[in-house]
Amino acid sequence: MGKKNKVILIAGPTASGKSLLGIKIAKYLNGEIINADSMQIYKEFSILTSKPTVKEKKNTKHHLYGFISAKKKFSTGHWLKMAVKKIEKQWQNNKIPIIVGGTGLYFKALTDGLVKIPKIPNKARISIRKLHKRIGQEKFYSKLIKLDPLAKKNISIYDTQRSIRAYEVKKITNKSLFKLIKETKSNFDDSVFVKLFINTPKELLHKKIEKRVDRMFNKGATGEVRNFIKMKVKKDLSANKIIGIKEIGDYLNGKVTLFEAKELIKLKTRQYAKRQFTWARGHMKSWEMIYSSNTNDLYKKAINKIS
């Protein structure tokens, strides 16, 4: 395998063992790891986001972990720009980039490219949302089809969010969102990617999630949330979406017991894993699905796919 032209992608649901597999592969291939988890980018969180530990990172270089404040905005576009630079730098240094994470949108941006949509003025967005609220989704969808006929085969009549997005793009820019998507290309040829998804069975994954959440509390997740609350981060920023912040916050405020907070976090994490599987079914059809309950066997299966 030519080192100059490969990128290993390792995705999978939360708690499926992506980080450990990534480290094993990096050691074997003389590679370096690039984070593709949108919640592991924050400096303030290591426990709740299950970032690789100092020990795990000791002999393998890790990039894009814990480098930005939870007070800052950070988009998929920002990540893609940084990841592309890291990949190219690693190729120059004769290293194999290994992208590890659970954020499907990051992987999609890397493999398919990111649609460059012109900025929609805030006034126009508010106006379109008011129109949608006034006439309802069904009539709004009919207006969208007349405005952009390509929307009919790309958007369900029940998909409110995408209907509004497609409408505002066509109305303001006079360009179809779907033409923009079709014209979008990745920075890399698809042949450079080796795409691996850890397809952990549901029952086993749920057990791993249970153990992980219990471990988080033993390691000091409550302290992380306490410190985060003191920061007074704006509510619209993405860091607030980290599973555990609301639940532990409610525990600290006496709204729920510690046991209830733990159970809620476990439930939310299971729901998140389900969404990751749903994303994979829809957007990762070309990926190799691998699994073994034994970490060494899983590693061997991954190496077989890479070689």
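How many bridges join strand 5 to strand 6? A few notes on this predicted model, starting there.

1. The count is 3 bridges, linking strand 5 (residues 193–198) with strand 6, and the two run parallel. One spot to click on is Leu 196, which sits opposite Glu 288 of strand 6.

2. Zooming out, that pair belongs to an open sheet of 6 strands with parallel pairing, in the order 3-2-4-1-5-6. Strand 3 (62–63) and strand 6 (288–290) are the edges: each has a single partner strand, so one side of each has no neighbour in the sheet.

3. Now the helices on the sheet. Helix 1 (residues 18–29) packs there and touches strand 1 (7–11), strand 2 (31–35), strand 3, strand 4 (96–100), strand 5 and strand 6. Its direction makes about 175 degrees with that of strand 4. Helix 3 (residues 76–92) packs on the sheet too, touching strand 1, strand 2, strand 3 and strand 4, and its direction is at about 150 degrees to that of strand 4.

4. On to the nonpolar cores. The largest has 51 residues, and those with the most contacts inside it are Tyr 42, Leu 48, Trp 79, Ile 99 and Leu 110. Among the elements giving two or more residues to this core are strand 1, strand 5, helix 4 (104–112) and helix 11 (258–283). Helix 3 provides the largest share, 6 residues.

5. Have a look at Trp 79 while you're there. Leaving aside residues up to four places away in sequence, Trp 79 touches Asn 35, Ala 36, Leu 64, Phe 74, Ile 99, Tyr 106 and Leu 110.

6. There's also a second, separate core of 21 residues, including Ile 33, Ile 98, Ala 302 and Ile 303.

How values were computed: Residues are numbered from 1 along each chain as its sequence is written. This is a predicted model: local features need pLDDT of at least 70, side-chain atom pairs count only at pLDDT 80 or more; totals for chains, interfaces and linings use all residues. Side-chain values use heavy atoms; hydrogens and water are left out. Two strands pair if DSSP finds at least two bridges between them. Helices (H or I, at least four residues) and strands (E, at least two) are DSSP runs, numbered from the N terminus. Contact means heavy atoms within 4.5 Å. Axes are lines fitted to C-alpha atoms, for helices over the stretch in contact, and angles run from 0 to 180 degrees between N-to-C directions. A nonpolar core is a set of buried Ala, Val, Leu, Ile, Met, Phe, Trp, Tyr and Cys residues joined through side-chain atoms within 4.5 Å. Buried means under 20% relative accessible area, exposed over 50%, partly exposed in between (1.4 Å probe, protein chains only).
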